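Reader: Could you take me closely through the enclosed space inside this protein, beginning with what lines it, and then work outwards into the parts around it? I would like the residues named as you go, so that I can follow along at the bench.

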Amino acid sequence: MPIKTLHITNSYHQTSGGISTFYRALMEGANRSERQMTLVVPGEQTRTEITGEFSRIHFIKAPHAPSFDRRYRLLMPTKYLPGFDGELKRILAEEKPDLIEICDKYSVSWLAGLLRRRWLNGLPRTVLVGMNCERLDDNVSAFITKSKAGKTWSQFFLGHLYIPLFDYHIANSDYTAAELLSAMTANHPREVRVLPMGAQIAGFASAIPNETKRRQLLAQVNGDQNTRLLLYVGRLSPEKNVPLLIEMLERLADENFRLVVAGAGPLTDWLESEAHRRTPGKVLSLGHVQDRQALINLYANCDAFVHPNPREPFGIAPLEAMAAGLPLIAPRSGGVLSYADDTNSWLAAANTEAFTEAVKAVFADASVRKDKLARARWTAEQYSWSAVADRFFALYDELHAAFPSSQFAHQLSQKRFSKSPQEVAAEKV
């Protein structure tokens, strides 16, 4: 019988990106495979949304984030700390999950430590998994300080205050996992398993160009039939290296290129202001495009996809571009290297000159482009959300079975991975 999983994250709202997409895919997978899954997220009001026969979302009333990106709301420690009548504590008592996964390094992660210590009366000790979809050092660098002190603090926090809270960690890419592994201390070893994210491959693979829609896009950016439309889809936030988009377009000033931006965030006003000042009439800012078909139409009617972030934890939008048959220009670093390489993409250093040359290279040789796009489509097909969801649920079952307190312990004697610290300690007793 499949185990029951409960997942908690602050990164879930109407306009959020990859993490929301990931958990929606998991819920679809849970209903398809008839296994129980619960998601707990912050919301405007406390309510429960039934998302299928086997899945549901508990929204807990929570305040907006005080800084960085106020579109997000935050579940604060008062929702679960001893001494508070917290909604999160009540939900855990009612749901009785076999495994709890927390995708948060800031305000909710401490819950795992309380459960490990059995300091929350009435709540059992379940398997605790940290889901890692971003790097702390990249966020500190983008929002607080780029100094060496920021890197040092990140390593200390992870090694001494975050990693030990959980029994296991999952990372969405080797790039994300590398930070955890480098920060881990000898006193608190934990397994880090890497499982990539996915994308809605089928919808984007069926994207078909439409002359009418393309003419509409061209008209909005003062383009003509020879204009090449570059597309960026993602958050407009400091950690995304958004300024490279404007720098690239400036360098392409003598060429017939335009930029279409589908996304929103703290840098929306900055992008629109800089685009008006430095590349007037050449940038179309559409804001967050929530309608899936409208987004697919954008992919189908643009000429290349530009992804400027050299520290992307994984990158769902670039993978969707590959599925849609759109040439991908991306940095030669970060989590995009989970699927992008020189055989299926145009990779370059994340600086103005190199990135601009990569854009030009896309259109320099039609035969090379055709070959890379075929390889890109095949690569993307390996990352369908249904397959990814199945792999995650299989891993949850495996971690639960391996955990010493599990009623299914040692049932998965085949394909066992290295022993957990708890198992090693138990053998010494």
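Author: The largest cavity is lined by Leu92, Lys96, Pro97, Ile100, Leu115, Leu123, Pro124 and Thr126, and this should be read with the reminder that the model is a predicted one. The space in that largest cavity comes to about 50 Å³, and the structure holds one cavity of 30 Å³ or more.

Among the lining residues, Lys96 deserves a closer look. Lys96 sits in the loop that links helix 2 (87-95) to strand 5, and its phi is near 50°, a positive value in a residue other than glycine. Although Lys96 belongs to the lining of the cavity, it counts as exposed, because its relative accessibility is 59% and the cut-off for exposed is over 50%. A comparable description can be given for Asn222, which has a positive phi of about 55° although it is not a glycine. Asn222 is placed in the loop between helix 8 (211-220) and strand 9, and with 55% relative accessibility it too counts as exposed.

Another lining residue, Ile100, leads into the sheet, since strand 5 covers residues 99-103. Strand 5 runs parallel to strand 1, and five bridges join them; in one of these pairings, Thr9 has Cys103 of strand 5 as its bridge partner.

Strand 1 (residues 5-9) also pairs with strand 2, again in the parallel sense, over four bridges. Across that pairing, Thr5 is matched with Met37 of strand 2, while Ile8 is matched with Val40 of strand 2. Strand 1 is mostly covered, with five of its five residues buried. Its residues point in opposite directions: Thr5, His7 and Thr9 go one way, Leu6 and Ile8 go the other way, and all are buried. This arrangement fits the general pattern, in which the side chains of a regular strand alternate between the two faces of the sheet.

Strand 2 (residues 37-43) has seven of its seven residues buried, so it is largely enclosed by the rest of the structure. The cover is found on both faces, with Met37, Leu39, Val41 and Gly43 buried on one side and Thr38, Val40 and Pro42 buried on the other. Strand 2 is joined by seven bridges to strand 4 (residues 55-61), and these strands run parallel; Leu39, for instance, has Ile57 of strand 4 as its bridge partner.

Taken together, these strands belong to an open sheet of eight strands in the order 3-4-2-1-5-6-7-8, with mixed pairing. Its edges are formed by strand 3 (47-50) and strand 8 (191-194), each of which pairs on one side only. From one strand to the next, the twist averages 20°. Helix 15 (residues 385-402) lies across strand 1, strand 2, strand 5, strand 6 (127-132), strand 7 (168-171) and strand 8, and it runs at about 165° to strand 7.

Further along the chain there is another buried region to consider. In helix 9 (residues 243-251), the buried residues are Leu244, Leu245, Ile246, Met248 and Leu249. The elements that cover them include strand 9 (228-233), strand 10 (257-262), helix 10 (268-278), strand 11 (283-285), strand 12 (304-306) and helix 13 (352-362).

Finally, Ser345 offers a contrast with the exposed loop residues, as it lies in the loop between strand 13 (328-331) and strand 14 (346-348) and yet is buried, because its relative accessible area is 0% and the cut-off for buried is under 20%. Leaving aside residues up to four places away in sequence, Ser345 touches Met322, Leu328, Ala340 and Lys372. The side chain of Ser345 also makes a polar contact, at 2.8 Å, with the side chain of Asn344. The C-alpha atoms of Ser345 and Ser206, which are 139 residues apart along the chain, are separated by 20 Å.

Methods. Residues are numbered from 1 along each chain as its sequence is written. This is a predicted model: local features need pLDDT of at least 70, side-chain atom pairs count only at pLDDT 80 or more; totals for chains, interfaces and linings use all residues. Side-chain values use heavy atoms; hydrogens and water are left out. Helices (H or I, at least four residues) and strands (E, at least two) are DSSP runs, numbered from the N terminus. Buried means under 20% relative accessible area, exposed over 50%, partly exposed in between (1.4 Å probe, protein chains only). Contact means heavy atoms within 4.5 Å. A polar contact is a pair of N or O atoms within 3.5 Å; within protein, one must be able to donate a hydrogen and the other to accept it, and residues adjacent in sequence count only if both atoms are side-chain atoms. Two strands pair if DSSP finds at least two bridges between them. Axes are lines fitted to C-alpha atoms, for helices over the stretch in contact, and angles run from 0 to 180 degrees between N-to-C directions. On a 1 Å grid over the protein atoms alone, a cavity is a set of points where a 1.4 Å probe fits but cannot get out, and a pocket is an open set with protein on both sides within 12 Å along at least five of seven lines; lining residues have an atom within 4 Å of a point. Grid points are joined across faces, edges and corners, and a volume is the space filled by probe spheres set on the points.
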